[in-house]
Amino acid sequence: MKQNRFWKRTVVFAAAAFMAVAGTVTVWASTENSQDKLETIGDNYWDEDDVTIARWDEIENAGRYEVTLYRNNKKIGTIKTKRKYYDFRRMITREGDYVFRVRPLGKSSSYEDGEWSEYSLENYISKDYAELLKSGKDIDDVNSGPGAQGVERPLTDDIGVVYTAKWIPEGDRWRYQKSDGTYQGVGWLWDSAAQLWYYFGEDGYMMTGWIEVNGAKYYLQPSGAMVTGQQTIDGVAYQFDASGALIPS
């Protein structure tokens with residue numbers, strides 16, 4: 001009888017010890033599998049100098065970033081990158097308002113992916129500039145155009161996003177209202193959203209065709225955009241310098 005009690009106590013003790021060890025293992029496993037959630041990106045914005053580049057805050061312990069681009073509220077595509085910026089030049093091929101959002105991805109299984117950021121500010125891309133991006137051509141806005149001659153360059157705003165500044169059609173002619181509510185007067189206008197130069201006459205309307213300014217001749221396309229380099233106009237080949245001025249043949 002005593003022997004049976006002894007074995008019963010031994011079995012109970014062993015079972016209790018096993019449950020204690022199992023509990024310890026369970027707690028250890030739970031702790032081992034827990035993940036630290038990455039922070040949500042607080043600042044995502046378009047580059048001030050190149051409106052096709054998206055930028056965002058760096059997040060500690062992020063291995064990569066997932067970025068989604070939208071045009072006119074429609075998803076265009078999603079990419080992943082290790083950098084804290086991405087150039088969407090190849091994906092911006094049509095006119096429209098572009099925004100993006102981004103989230104950090106854990107660099108190991110110890111970190112849980114972060115939440116998606118808020119949408120960036122809208123970045124308006126004009127039809128003309130979208131065509132340039134699609135063709136792979138670039139416009140050097142520092143060393144080309146009338147700005148190369150030291151002409152003051154009014155900007156739509158810092159990052160090419162058009163809010164109060166806008167083009168206003170009047171019949172088949174165009175005026176340009178600046179962000180302060182005034183209209184563009186006579187002279188050159190650098191539209192940072194379109195990345196193109198335009199010229200306005202004394203009547204305040206955008207000009208097209210051949211113009212002469214300070215003794216130099218320029219050509220403005222039917223869209224109003226100034227041309228540079230080699231151009232064929234009405235079947236005749238012309239050469240324009242980096243400032244847009246015609247080079248005499």
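**Exercise 1. Overall make-up**

What percentage of the 249 residues of the protein count as buried? Work it out, then describe the fold content and surface.

*Solution.*
- This is a predicted model: local features need pLDDT of at least 70, side-chain atom pairs count only at pLDDT 80 or more, and totals for chains, interfaces and linings use all residues. Residues are numbered from 1 along each chain as its sequence is written, and side-chain values use heavy atoms, with hydrogens and water left out.
- Step 1. Apply the burial classes: buried is under 20% relative accessible area, exposed is over 50%, partly exposed is in between (1.4 Å probe, protein chains only). The buried share is 36%.
- Step 2. Assign elements from DSSP runs, numbered from the N terminus: helices are H or I of at least four residues, strands are E of at least two. The protein has two helices and 17 strands.
- Step 3. Compute accessible area by the Shrake-Rupley method with a 1.4 Å probe. The exposed total is about 15600 Å². Carbon and sulfur atoms supply 48% of that area.
- Step 4. Take contacts as heavy atoms within 4.5 Å. Among contacts between residues at least 6 apart in sequence, 54% join residues at least 24 apart.

**Exercise 2. A three-stranded sheet**

Give the strand order of the open sheet that holds β3, and find its edges.

*Solution.*
- Step 1. Use the pairing rule: two strands pair if DSSP finds at least two bridges between them. The order is β2-β3-β6, with antiparallel pairing.
- Step 2. Look for strands that pair on one side only. These are β2 (44–46) and β6 (85–87), the edge strands.
- Step 3. Fit lines to the C-alpha atoms as axes; angles run from 0 to 180 degrees between N-to-C directions. The twist averages 15° from one strand to the next.
- Step 4. Zoom in on β3 (residues 53–56). This strand and β6 share three bridges in the antiparallel sense. Ile53 stands opposite Asp87 in β6.

**Exercise 3. Salt bridges**

How many salt bridges does the structure hold? Examine three of them, with the accessibility of each partner.

*Solution.*
- Step 1. Set the cut-off: a side-chain nitrogen of Lys or Arg within 4 Å of a carboxyl oxygen of Asp or Glu. The structure holds eight such pairs.
- Step 2. Take Glu115 and Lys37. Their closest N and O atoms are 3.1 Å apart. The pair links distant parts of the chain, 78 residues apart: Glu115 lies in the loop between β8 (111–112) and β9 (123–125), Lys37 in β1 (residues 36–37). Glu115 is partly exposed at 44%. Lys37 is partly exposed at 43%.
- Step 3. Take Asp47 and Arg55, which meet at 2.6 Å, N to O. Asp47 is buried, at 11%. Arg55 is partly exposed, at 26%.
- Step 4. Take Arg89 and Asp87, which meet at 3.7 Å, N to O. Arg89 is partly exposed at 22%, and Asp87 is partly exposed at 31%.
- Step 5. Check for shared partners. Lys37, Glu112 and Glu115 are joined into one network by salt bridges.

**Exercise 4. An enclosed strand**

Why is strand β12 described as largely enclosed by the rest of the structure? Identify its pairing with β13 as well.

*Solution.*
- Step 1. Count buried residues in β12 (residues 187–191). Five of the five are buried, so the strand is largely enclosed by the rest of the structure.
- Step 2. Inspect the pairing. Five bridges join β12 to β13 (residues 196–200), and the two run antiparallel.
- Step 3. Read off one facing pair: Gly187 stands opposite Phe200 in β13.
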